[in-house]
Amino acid sequence: MVKTTIKRLFKLILYPIRIITKLLISLTKRLKFSIAFKISTTYLLLYIIIILTVALTTTIGYLVFEIQKFENTVVSRDVENIVNDFPDLRSISTKDGDYNSVKIFDANLNTYFTTGRVGRYGSSILVVIENIIFNNEYTYAGNFSHGNSDYYLNISYPIEELLQDAWRIALLVLLSGAIGLMFFAPIVSTSSYKLIGPIKNMTEITKTITVNNINTRLNVKGTQDELKELSQTFNEMMDRIEGGYKVQQQFVSDASHELRTPIAVIKGYVNMLDRWGKNDKAVLEESIQAIKNETDNMQDLIEKLLFIARSDRSNLNFTKEDFNILIILNEIEKETKMIDTKHKLNFKFYKDATVYGDKARIKQAIRIIIDNAIKFTPPNEYIIVSGYIKDSYYVVKVEDRGIGIKKDDLDKIFDRLYRAEESRNKEIGGHGLGLSIAKIIVLGHKGKIHVKSKIGKGSEFSLLFPIIES
Ligand code: ADP
C-alpha cells in the first residue's frame, strides 16, 4: 500500500520533468534539422532581446529624468533651507521637508546630526542604487560650509510612487512587446517556411527520381535567388547524368545487337549440321568454317567491349616505359607488308624519338588506323604511313586514297559502335569500336588524334604522342 503510494508520488513528481525533457529533445531535434525553425527562433530571440532592452532603457530613462526633476525642485529647496537654518536644526527635526531622513556629517565624516538610523556618509552612485533597490529611497549627497568648517549632507526621500510608475512603464512596454510577438511570431514562422519551401520541394522531387523518370527536373520558376541557382545546377547535373545514361543504354543495346548476328549465324549452321551435315562432308566443312569465323568475330567483339568497359570504370592499366617509337613502327611496317599485298604501301619514318607509354597499346592504336585504311581503300591504291616530330609530339600519320568519310560522319566515327553508311555492308566488316579504342589509348598517353577526310578521295588520320627526347 505504502509502496504503491510512494510509486505514484514518484511518478507524479517525475511527470513534469519527463514532459520538459521530451519538449527539450524535440526542440533540439527541430533546431538541428529544420533551417526554418532555426531562422524563426533566431528572429524571435532577437525580438525578445530588443523588447527587453527597450523596457529597461525606458524605465531607467524615466527614473533618471524624474529624479533629476526632483533634485532641481524639491531637493534643492530642502538643501537651501537646511543650509540657511544651520546650525539651527529644529526645522529638520520637526520634518518640514518631504524627506525620510537627514544626516549631517562633519569635516571628518563623523555624524554631526541625524534624524534616522546613524550611518556612514554615502555619495557614490552605488549607494544611490542600493538605496533605491532595497529601501525604495533616493539619497541626495552634498556638502556645504559653515564658519570655517565643511559639512556633508545626506538626505533620503521616499520614491515608492516613482518606482511604481517606472514598473508600470516597464510592464506596459513588455505587454506591448508580448502583443507584438503574437503578430510577429506567425509572420516570422510563415515567411521562414516560405523561404525554405523550395528546398523542401527540391528534396521531395529528388527523392522520386529513379532511372524510370530520369528526365524529371526541378521547377526553376520564381525569384532569382541562390536556391534558383541551386535548382538550375541540379538540373544541369541531371542533364549530364541523363545524357550519360542514355549513351550507356544505347551502347548496351547496340552491343547486344552486334552479338545477336553471330549467334544467329552459329545457330543456323548448327541446325543445318543437325539436319544434313552429319553425313554430308561439304556441309560439315562449310559449317565448321563458318562457326569458327563467327566465334572469332564474337571473341574479337567481346574483347573490344571489355576494353571499353574497363576504360569506363577507370580500370584500364597501361604498363608505361620509355621506348623508341621507331621500334614499333618498324614492326608495324613489316607486319603490314606481310598481311596486305593488295595496296601500294609506303612507309616513311623521318625521325625516331623516345616516348613514355605502353608499347603494346600504342602499337594497337596505330594498327587500328592502318587496318581501317586497308579495309576502306580499294586495291592498288596508295596507303602512306609516315612518322615525324612536330612541336613536342611524335606524329604517326596514315593517309589513304580510300572511300573517305562524309563531313557529318567525321564527328561520330569515334563514338562507340558507330559505322558510317558506306562501311556498313557486310563485306567490309567491323564493329565500329576500333576508333573508340584508339582514342582511349591515345588520350591515355596525353596524346591527340586528328582526322581529315573527303568522301571519295581518301582519309588522313594522325596520332600524336608526347615525346620525351628526340
Ligand atoms: P570499324 O570496326 O567499323 O572499322 P572503327 O571505329 O574503326 O570501326 O571505325 C568507325 C567507322 O569510321 C568505320 O565504320 C568507317 O565508317 C569509318 N572509318 C574509319 N576509318 C576510315 C577510313 N580510313 N576510311 C573511311 N572510313 C573510315
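## Briefing: a 470-residue chain

S462 is found in strand β11, which covers residues 458–469. The model is predicted. Its single chain of secondary structure comes to eleven helices and eleven strands. The radius of gyration is 50 Å, while a compact globule of 470 residues would have one near 23 Å.

**Overall form**

- Along its principal axes, the C-alpha trace spans about 150 × 75 × 45 Å.
- Of the 470 residues in the chain, 34% are buried.
- The accessible surface comes to about 30600 Å². Carbon and sulfur atoms hold 58% of that surface.
- Take the contacts between residues at least 6 apart in sequence: 65% of them join residues at least 24 apart.
- The chain carries 63 positive and 55 negative side chains. The centres of these two sets lie 8 Å apart.

**Strand β11: S462**

- S462 has a relative accessible area of 9%. Buried means under 20%, so S462 counts as buried.
- Neighbours within four places in sequence are left aside here. S462 is then in contact with V395, V396 and K397. S462 is also in contact with K448, I449 and H450.

**Helix α4**

- Helix α4 runs through residues 125–135. Its residues V128, N131 and I132 are buried.
- These buried residues cover an arc of only 100° around the axis, so they sit on the same side of α4.
- The face turned away from the buried side carries L126, I133 and F134, which are exposed.
- Cover for the buried residues of α4 includes helix α2 (35–85). It also includes strand β3 (137–146) and helix α5 (160–208).
- N136 follows α4. The phi of N136 is positive, near 50°.

**Helix α6: N235**

- N235 lies in helix α6, which takes in residues 226–277.
- The relative accessibility of N235 is 10%. That is under the 20% limit, so N235 counts as buried.
- Residues up to four places away in sequence are not counted in the next list. N235 touches R217, L218 and V220.

**Strand β6: F349**

- F349 has its place in strand β6, residues 344–349.
- F349 and L326 are 23 residues apart in sequence. Their C-alpha atoms are 7.6 Å apart in space.
- L326 is also among the contacts of F349, with neighbours within four places in sequence left aside.
- On the same terms, F349 is in contact with L329, N330 and E333. Its other contacts are V385, S386, G387 and Y394.

**A loop position: E421**

- E421 lies in the loop between helices α10 (407–410) and α11 (434–443).
- E421 has a relative accessible area of 56%. Exposed means over 50%, so E421 counts as exposed.
- E421 and I405 are 16 residues apart in sequence. From C-alpha to C-alpha they are 9.5 Å apart in space.

**Points to look for**

- On α4, find V128, N131 and I132 on the buried side. Then find L126, I133 and F134 on the face turned away.
- Compare S462, buried at 9%, with E421, exposed at 56%.

Conventions. Residues numbered from 1 in each chain as written. Predicted model: local features only at pLDDT ≥ 70, side-chain atom pairs only at ≥ 80, totals over all residues. Heavy atoms only, no water. Helix = DSSP H or I, 4+ residues; strand = E, 2+ residues; numbered from the N terminus. Rg over C-alpha atoms; globule rule 2.2 N^0.38 Å. Buried < 20%, exposed > 50% of the residue type's maximum accessible area, 1.4 Å probe, protein only. Contact = heavy atoms within 4.5 Å. Areas by Shrake-Rupley, 256 points an atom, 1.4 Å probe, with all protein chains shown as cover. Lys, Arg positive; Asp, Glu negative; His and termini not counted. Charge placed at Lys NZ, Arg CZ, Asp CG, Glu CD. Arc of directions from axis to C-beta.
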